[in-house]
Amino acid sequence: MAAGSEQQQGHRPGIYKQKNKQHKHGKHRTKGEIERENKGRVSVITLTKKQKKEQRKMDRRHTANQLRRNKKDQVLTEKRRLGSKDGPPHLVAVVALHAGVSASAVMQLLRQEDIASLVCDQGGMATVIDSFGLVLPRFKQRFTFVRPDAADLHSLLDVAKVADSLVFVLDPVVGLDSYGDYCISCLFAQGLPSHVLVCQGMSMLPVKKRVESRRVLARVAQTRFPEARLFPLDCGAEAASLLRYLGEQRQRRLGFRSRRAHMLAQSASYTSGPSGLGTLCVSGYVRGRPLQVNRLVHIVGHGDFQLKQIDAPADPLPLLSGPPRPLKARKGADDDVDLEGDGAAAVRVLMKADPSCIESLQSEAEVDPMDGEQTWPTATELLEAEESMKKKKVMKVPKGTSDYQAAWIVEEEEGIKEEDDEQSCTDDDDDDDDDDHEMMMEDEMDGEEEDKDAQHGASVSEEEDEVEVGSNGCSRAEKLYDETMNEEEESEALKRYREARANDMFPDEVDTPLDTPARTRFQRYRGLKSFRSSPWDPMENLPPDYSRIFQFQNFERTRCRVLAETAEEEEGVMVGWYVTLHIVDVPFSVMECFQAGRPLVLVSLLPHEQKMSVMHMLVKRHPSNTEPVKSKEELVFHCGFRRFRASPIFSQHTSGDKHKMERFLRADAPTVVSVYAPITFPSAGVLLFKQRDDGVQDLIATGTLLGSAPQRVVLKRIVLSGHPFKINRRSAVVRYMFFNREDIMWFKPVELRTKWGRRGHIKEALGTHGHMKCVFDNQLRSQDTVLMNLYKRVFPRWTYDPYVPLSLKWVKREGTVKANEIDME
């Protein structure tokens with residue numbers, strides 16, 4: 001037992017310890033004596049402090065009451081504006097959570113003529129997606145119902161980003177199936193708006209089964225939706241009750257969309273340009289915040305673009321007899337508004353982009369390759385050059401060669417020397433961690449032993465296959481099963497499984513190579529006395545990719561300032577207006593996606609949100625995914641409104657200034673994911689998907705966005721292990737950690753530790769075969785293992801791609817999930 005643990009620990013009082021009032025020693029005067037002595041006289045300083053204190057307390061009370069009243073009025077105003085003539089229509093998305101129910105039947109029931117006075121198809125969107133508008137003069141509200149394709153997860157998530165309410169259609173017998181539960185998990189991770197549950201076919205069940213059906217639905221609602229209300233929907237009266245509830249339902253506030261102006265496209269048109277890019281005109285209702293024409297617009301799944309102008313066409317879903325008169329786009333803008341077209345076809349132009357104020361699309365910082373380079377020789381270098389010119393060197397050159405040509409001729413010995421210098425420079429450049437090829441080579445060397453195990457496993461599997469093929473008792477079903485199996489995919493999965501298992505059993509342990517010196521193989525690593533307290537400069541040896549990103553002096557302060565300025569802005573296109581946005585330099589693929597039946601969602605970006613930086617996200621492994629996910633593997637990210645592909649690195653979520661890298665995504669603890677991506681101000685939900693070889697994307701993790709921090713130090717640890725060969729009290733001879741004397745002398749300053757808690761250091765090298773004498777703080781055990789920790793800073797790979805391939809659709813049949821073989825558009 002250690003000496004420190006033998007000492008008895010003293011009692012430390014907690015925060016609830018009783019603290020008695022201390023006795024006032026010495027002579028003191030009471031308040032009455034002081035007042036009698038002063039005889040009513042009060043000093044100026046005391047009077048000022050007393051009045052200031054009372055005034056501050058009263059002001060605080062009035063300020064709190066005023067803030068509370070303003071907050072209440074703001075919530076009531078937003079609630080009353082939604083669906084009214086002054087606000088956008090109430091956007092409702094109908095989603096089926098079971099293969100046996102039909103969302104189209106719910107849409108058809110809500111579309112009955114006896115409920116609403118006006119049913120209007122939503123222009124071009126009705127031709128590509130099931131949607132319609134509904135005007136209810138009795139409720140003084142208007143709705144827009146949309147039915148996204150639940151089999152296309154991207155479309156479902158995009159519609160849920162902008163929907164005010166979600167209507168989940170359940171099965172009356174089992175509630176929801178496995179794919180419906182999968183969709184609910186994705187929606188919860190992204191941010192679930194207000195929702196309501198609907199069940200059709202309850203009246204068609206036998207009387208004895210209705211009680212059991214209600215019990216099953218109540219259990220599902222209590223488990224997944226504890227605050228949601230369940231509505232039967234079999235007739236027009238029940239549909240009217242549902243509409244009334246949706247109009248009066250309390251709206252859930254989602255931070256990532258309430259701080260930004262966003263829009264769901266109702267109609268779109270495209271005009272081609274000479275350069276292959278054209279102008280996209282998108283019409284819809286502005287939601288969230290006022291929209292400014294000089295801000296950038298992000299089209300979900302396609303990238304960032306600039307606006308040219310904003311028009312105000314006629315509202316296709318008016319609540320009154322005529323369309324509402326559009327208000328001023330900005331102060332003093334009545335004189336600047338002009339009309340385009342003639343007569344009744346004239347369109348009012350609300351705002352035009354100002355070339356001097358419009359935000360730039362520049363996402364990466366401009367890199368000057370000559371930064372830090374010497375562009376003018378110094379006086380010493382000039383003198384050395386003159387002296388070298390004076391020294392004449394006799395060289396054998398061909399006849400007729402000029403002086404200029406002779407300067408380029410290199411002698412044979414000099415050429416050999418230069419080649420040696422280049423070789424040494426190449427060896428020195430191995431320390432540079434910025435080259436992607438070197439990083440790939442390093443990963444290969446890190447997993448050298450794992451590759452050998454995988455090859456051995458592959459050879460074993462080949463032998464087993466030969467035995468199975470050669471056996472005569474194999475059935476036809478087994479042969480068909482073997483034919484459908486992908487051997488390459490199985491071998492890759494086996495390799496990943498063995499790597500993850502080896503990392504769990506022996507964390508970060510690496511075998512020292514026999515053919516390469518350890519000082520060369522691990523030259524980028526260094527030892528730390530203490531991982532917690534040892535210093536590590538965050539600006540040391542940064543990769544070239546860091547010259548392309550942007551960073552803030554204080555990210556949290558910038559975030560608060562930007563959000564505060566955005567909340568105070570009242571200029572621009574107001575919430576609820578039906579407008580047409582003219583977006584320039586848009587590829588035709590955006591229009592093709594809209595025509596193919598997928599929703600088109602636009603969001604106005606906040607300042608700096610188009611710039612690249614190092615973003616960090618806190619995620620947790622989803623229970624449905626059990627396959628190992630390796631660091632620096634390409635994943636699909638859904639972060640707020642953005643969707644992109646990137647290769648992140650994983651690290652521990654700790655409070656120190658250094659964070660240990662995780663080789664695999666852990667399932668038992670939250671993990672920080674670091675990636676090169678555009679800046680996004682929190683809060684925002686994060687979803688991580690992994691795409692299979694067949695095109696299907698599986699959800700692997702969910703979490704939230706932390707923010708931008710390029711100076712966050714992530715260290716990769718490797719552990720070199722050795723075996724105590726001879727033990728003599730506190731000293732021991734250790735072998736198998738190194739295999740030559742030079743490596744021992746190179747790593748001599750690094751501290752050693754053992755698996756049983758002993759600490760020590762290398763004293764000297766014994767012989768030339770890697771044996772070394774080590775001294776520890778206590779006697780070793782023969783079964784103990786000597787370890788050496790080495791660290792290296794790692795960075796993510798720059799593989800950001802805003803264009804994500806569409807996932808294969810899922811077909812739900814009889815409560816099971818199957819991939820549908822469709823053409824990728």
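In this predicted model, the sulfur of Cys 183 lies 6.5 Å from the closest cysteine sulfur, that of Cys 186, which is too far for a bond. A disulfide is a covalent bond between the sulfur atoms of two cysteines. The cut-off applied to such a pair is 2.5 Å between the sulfur atoms, and by this rule the count comes to 0 disulfides. Cys 186 is likewise in no disulfide, its nearest cysteine sulfur being that of Cys 183. Cys 183 is buried, at 2% relative accessible area, and Cys 186 is also buried, at 0%.

A further cysteine, Cys 774, belongs to strand β29 (residues 771-776). Cys 774 is buried, with a relative accessible area of 0%. Its C-alpha atom is 6.2 Å from that of Val 733, although the two residues are 41 apart along the chain.

**Salt bridges**

The whole structure contains 27 salt bridges, including the pairs tabulated here.

| Pair | N to O distance | Separation along the chain |
|---|---|---|
| Arg 287 and Asp 164 | 3.1 Å | 123 residues |
| Arg 224 and Asp 181 | 3.5 Å | 43 residues |
| Arg 295 and Glu 359 | 3.5 Å | 64 residues |

The side chains of Arg 287 and Asp 164 meet in a salt bridge. This pair links distant parts of the chain, with Arg 287 in the loop between β10 (278-285) and β11 (297-299) and Asp 164 in the loop between α6 (153-162) and β5 (165-170). Arg 287 counts as buried at 5% relative accessibility, and Asp 164 counts as buried at 11%.

Arg 224 forms a salt bridge with Asp 181. The bridge connects helix α8 (residues 207-224), which holds Arg 224, to helix α7 (residues 178-190), which holds Asp 181. Arg 224 is partly exposed at 25% relative accessibility, as is Asp 181 at 31%.

Arg 295 and Glu 359 are both buried. Arg 295 lies in the loop between β10 and β11 and Glu 359 in the loop between β14 (347-352) and α11, so their salt bridge ties together parts that are distant by 64 residues in sequence. Elsewhere, Asp 158, Lys 161 and Arg 643 are linked in a network of salt bridges.

**Surface patches**

Glu 381, Glu 384, Glu 386 and Glu 387 gather in a patch of negative charge on the surface. Of these, Glu 386 lies in helix α11 (residues 379-390) and is partly exposed, at 46% relative accessibility.

A nonpolar surface patch is formed by Leu 514, Tyr 736 and Phe 739, which together have about 330 Å² of accessible area. Phe 739 is found in the loop between β26 (731-735) and α21 (741-746). Its relative accessible area of 31% makes Phe 739 partly exposed.

Technical notes:
Residues are numbered from 1 along each chain as its sequence is written. This is a predicted model: local features need pLDDT of at least 70, side-chain atom pairs count only at pLDDT 80 or more; totals for chains, interfaces and linings use all residues. Side-chain values use heavy atoms; hydrogens and water are left out. Patches are made of residues with over 30% relative accessible area and no salt bridge: like charges are joined within 9 Å, nonpolar side chains (Val, Leu, Ile, Met, Phe, Trp, Tyr) within 5 Å. Accessible areas come from the Shrake-Rupley method with a 1.4 Å probe; for residues, only the protein chains shown count as cover. A salt bridge is a side-chain nitrogen of Lys or Arg within 4 Å of a carboxyl oxygen of Asp or Glu. Lys and Arg count as positive and Asp and Glu as negative; His and the chain ends are not counted. The place of a charge is taken as NZ of Lys, CZ of Arg, CG of Asp or CD of Glu. Helices (H or I, at least four residues) and strands (E, at least two) are DSSP runs, numbered from the N terminus. Buried means under 20% relative accessible area, exposed over 50%, partly exposed in between (1.4 Å probe, protein chains only).
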